[in-house]
Amino acid sequence: MSSPRSAWMDMPAVNRDLLAPLQGTSRGYIGLALLLTALVAAGAGAWIYQIRTGIGQTNLHPPVFWGSYIASFVYWIGVSHSGTFISGVLRLTKAEWRRPVTRIAELMTIISVAIATLCVFYHLGRVWRLYYLLPYPNQREIWPDFRSPLMWDAVAIFTYATASAIYLYLPLIPDFALARERIGGWRKRLYAVLCLGWKGTQQEWETLNTAIRIITPLIVMVMVSVHSIVGWDFGMSLVPGWHSSIIAPYFVVGAVHSGLGMVVVGLYFVRRTYMLEQYIRPEHFDKLGKLLIVTTLTLGYLHFADQLTVWYANIPDHMAILHAMISGAYAAPFWTMLVLIYLLPLSTLVIPSFRRWPLGMMAIGLAINLGMYIERVLIIVPPLARPRLTYNWSSYFPAWSELTILLGSFALAILLYVVAVKFVPIISIWEENEGRVSTHEHE
């Protein structure tokens, strides 16, 4: 079998096609970047206003202390699982169809973790006190409270971000070396630094493959542990609706579900924008659709098991929340969530021809992510708004500043991805070439 180095050098058409997005910018690209920048600026302005006036100007009030910021944090951490699941699990199983998908998903991981971190800062209010989240003894020799969920999240995010950055960077080294040879100007010097002097020797390839084999199972374990910790933020409390023994696997499967949906959306727009139809083919959407069927059924089973236990126990505190979601104040978002997460995917993805329809798959991916965001809000708000003492019941809807900040965060995520496409090959070039050589020799 030919080495990855020979495959990398002998397919100029693949190299040209996959380096093309890095070269040149259209008016549409510039217009989109400016629009996203304006939305980010609006969100930054609302955050500055919140810092200056205090977090009390939001609609976070007793008993609803957690709201849209924490829901967004949980959602973005879930989306970040797209890269680790798609890339990590499929690398471990040696699925050949993963090659055009992994880089798109891995970029989503890094960007989503960054946005999730910002959501924690939004919720802190006094962001200059963030050092209390770090595990170090201060001048008063008092350690942070290790029982605090925010402490757990700080450790989890730092670990996940570090591991994901390494996992993204390692496969990029050969592509940076190729970009160093093909792209001039100041970026040539940048790529020369980023590729670490890569020459493509056999020893370098062996070292790279060994490093990837080592970190791949580790990143999968980190993926499971991180969202388990996020689930335990809720499950370890005694709040009705949160105290559940299956909340950790429920959060992990839900995270993978939303992550897969977001990968489908990213695949569609990358394929359409840069005309990569011969690389991102209908069979890739078909494979992702089958994975979405599995996660839909698994998540549906966990949700049913959790709600069945609450109904059978008939504990008044828990039943009040269940009734509020089924037929009360939260009925509309609850049933909308069920349709978007479960009914719509199952009624469409079981059709083989639909799974090979990129536009339809993109619509399902958007529906799943909208439903998963609603689900994250429903996990947080109803249990807090319906405490045990009925005289303390309340309601919650985000204030204008919260909505503006969250809109700016969403725009920032898209902007970071749009900018990253101009610096990072969106499809792993050397893996694509290696896969084509392997397929050719097998045939």
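In the predicted model, the residue Asn314 takes a positive phi of about 55 degrees just after helix 10. Asn314 is not a glycine, and a positive phi in such a residue is listed here for that reason. Its place is the loop between helix 10 and helix 11, the latter covering residues 316–326. Helix 10 itself has 32 residues, which should span 46 Å at 1.5 Å a residue; the end C-alpha atoms are 47 Å apart, so the two values agree.

Thr296 is a residue of helix 10. With a relative accessible area of 1%, Thr296 is buried, because the cut-off for buried is under 20%. Outside its neighbours up to four places away in sequence, Thr296 touches His257, Ile341, Tyr342, Pro345 and Leu346.

Helix 10 also holds a charged pair. Lys290 forms a salt bridge with Asp286, and the closest N and O atoms are 3.6 Å apart. The two residues are four places apart in helix 10, so about one helical turn separates them. In general, an α-helix has 3.6 residues a turn, so residues three or four places apart point the same way. The partners differ in accessibility: Lys290 is partly exposed at 40%, whereas Asp286 is buried at 9%.

The loop before helix 10 contains another positive phi. Met275 lies between helix 9 and helix 10, which runs over residues 282–313. Its phi is near 50 degrees, again in a residue other than glycine, and Met275 comes just after helix 9. Met275 is exposed, with a relative accessible area of 65%.

Helix 9 has 27 residues and reaches 39 Å from its first C-alpha to its last, close to the expected 39 Å. Of these 27 residues, 23 are buried, so the helix is largely enclosed by the rest of the structure. Arg271 belongs to helix 9, which covers residues 247–273. Although buried, Arg271 has no salt bridge; Glu277, the nearest side chain of opposite charge, is 4.9 Å away. This distance does not qualify because a salt bridge needs the nitrogen and oxygen within 4 Å. A polar atom of the Arg271 side chain does, however, lie 2.5 Å from the backbone oxygen of Ile280. Beyond its neighbours within four places in sequence, Arg271 is in contact with Leu276, Glu277, Ile280, Pro282, Phe285 and Pro358.

Salt bridges were searched for over the whole structure, and 12 were found. In general, side chains of opposite charge can pair when their charged atoms come close. One of the pairs is Arg91 with Glu431, whose closest N and O atoms are 2.9 Å apart. This pair links distant parts of the chain, with Arg91 in helix 4 and Glu431 in helix 16 (residues 429–442), 340 residues apart. Both partners are buried, Arg91 with a relative accessible area of 12% and Glu431 with 2%. Another pair is formed by the side chains of Glu283 and Arg281, at 2.6 Å from N to O. Here Glu283 is partly exposed at 29%, and Arg281 is partly exposed at 28%.

The nonpolar residues were examined next. In general, nonpolar side chains of soluble globular proteins tend to be buried together. The largest nonpolar core has 124 residues, of which Phe73, Ile86, Phe234, Tyr417 and Ile426 touch the most other members. Leaving out residues up to four places away in sequence, Ile86 touches Val101, Ala105, Leu260, Val263 and Leu288. A second, separate core has six residues, among them Tyr29, Ala33, Leu36 and Leu415.

Leu36 is placed in helix 3 and is buried, with a relative accessible area of 5%. Its contacts beyond four places in sequence are Ala411, Ile414, Leu415 and Val418. The C-alpha atoms of Leu36 and Ala411 are separated by 5.3 Å, while the two residues are 375 residues apart along the chain.

A cis peptide bond was found between Pro62 and Pro63, with omega of about 5 degrees. Pro63 lies in the loop that runs between helix 3 (27–53) and helix 4 (68–92).

How values were computed
Residues numbered from 1 in each chain as written. Predicted model: local features only at pLDDT ≥ 70, side-chain atom pairs only at ≥ 80, totals over all residues. Heavy atoms only, no water. Buried < 20%, exposed > 50% of the residue type's maximum accessible area, 1.4 Å probe, protein only. Lys, Arg positive; Asp, Glu negative; His and termini not counted. Polar contact = N/O pair within 3.5 Å; in protein donor to acceptor, adjacent residues only side chain to side chain. Contact = heavy atoms within 4.5 Å. Core = buried A, V, L, I, M, F, W, Y, C linked by side-chain atoms within 4.5 Å. Expected span 1.5 Å × (residues − 1).
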